[in-house]
Amino acid sequence: MTSRWGLTIPLTGVPLIEHRALVEQLPDLGYTDVWTAETAGTDAFTPLVLASQWAPQLRLGTAIVPVYTRGPGLLAMSASTLAELAPGRFVLGIGASSPVIVESWNSAEFAEPFKRSRDTLRFLRSALAGEKVTESYDTFSVAKFRLERAPGPAPSIMLAALRPGMLRLAAKEADGAITNWLAAADVPKIREVVGPDVELAARIFVCPTEDAGAARALGRMMISSYLTVPVYAAFHEWLGRGEQLRPMHEAWAAGDRKKANEVIPDEVVDALVVHGSVASCREQVQSYVDNGLTTPVLAVLPTGGDVFAQVRGLAPVR
């Protein structure tokens, strides 16, 4: 499969409307994709609506939209709208998200994430194909729903997946798998599960600075925030980092966040957060591709430097 090269938007600290000057340049720089996330910043769809008009050559993707925070019909409508704006260029990435986002921030129940993701995927397949859907799934029911503006063609649907069960579901029923917080050396293990021909995308955190101490300090804060979430803890246990991360989990459980950050080994930070010169970072991202990743999605972390210049420098070598 031909490798792609994606960028996460919006960039930290940059007003959304000011992205136009950069997004318009991305295709000429060698970027093929822009992807969004949805936590507590922008929603996943609006930045892509803008990008669809600023750079019509780019593929647009959500990584990810939670399956709990919108009703099934509204999720289909949002996806259909963007697919109409960017026909054949939109990828709807969906996933379970986390209990904090779903329950604490959106007042929904985080229950049966595997089944809810599977059921939402199946519903969206039917709805985005323009079918009238009346179905009782395991986790929700829909009666007589049909999109008034079904997109043509229907967008691809990719599934967020971290461990074998969800990865196999993505390979079998979705158009690809989206993963997160992994090292380049982890890619072959995931590729073994999904097979050689399935699109595999991953968000890669890139901190373009040669101040290793600063990069590691930022990386430790992010790692302790993310990898203490049960699904990510289980993911890294499966990947083989359980013992390396055990002191972090113990400190976090004891309420000592400072210690939790301090006990994360340098080698774990260096494996999970790309840092160094811009040229070195670009080479490290390429190593993910060399190990079997189809679509690297760079998430550029703030360093105090000119982030637009950093994005230009991180473009793939052509």
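This report describes the two largest pockets of a predicted model.

Residues are numbered from 1 along each chain as its sequence is written, and the model is predicted, so that local features need pLDDT of at least 70, side-chain atom pairs count only at pLDDT 80 or more, and totals for chains, interfaces and linings use all residues. Side-chain values use heavy atoms, without hydrogens and water.

A pocket is an open set of points on a 1 Å grid over the protein atoms alone, where a 1.4 Å probe fits, with protein on both sides within 12 Å along at least five of seven lines; lining residues have an atom within 4 Å of a point. A volume is the space filled by probe spheres set on the points, which are joined across faces, edges and corners.

| Pocket | Volume | Nonpolar | Polar | Charged |
|---|---|---|---|---|
| Largest | about 1,500 Å³ | 33 residues | 13 residues | 3 residues |
| Second largest | about 170 Å³ | 4 residues | 2 residues | 4 residues |

Ala, Val, Leu, Ile, Met, Phe, Trp, Tyr, Cys and Pro count as nonpolar, Asp, Glu, Lys and Arg as charged, and the others, Gly among them, as polar.

The largest pocket lies between domain 1 (6–208 + 276–314) and domain 2 (211–273), because both give residues to its lining; these bounds come from an automatic or database domain assignment. Of its 49 lining residues, Thr39, Ile101, Asn180, Tyr226 and Tyr232 lie nearest the centre. Helix α9 gives the most to this lining, with 4 residues. Helices (H or I, at least four residues) and strands (E, at least two) are DSSP runs, numbered from the N terminus.

In the second largest pocket, helix α4 (residues 72–85) supplies the largest share of the lining, 5 residues. Met77, Phe145 and Arg149 are among the residues that line this pocket.
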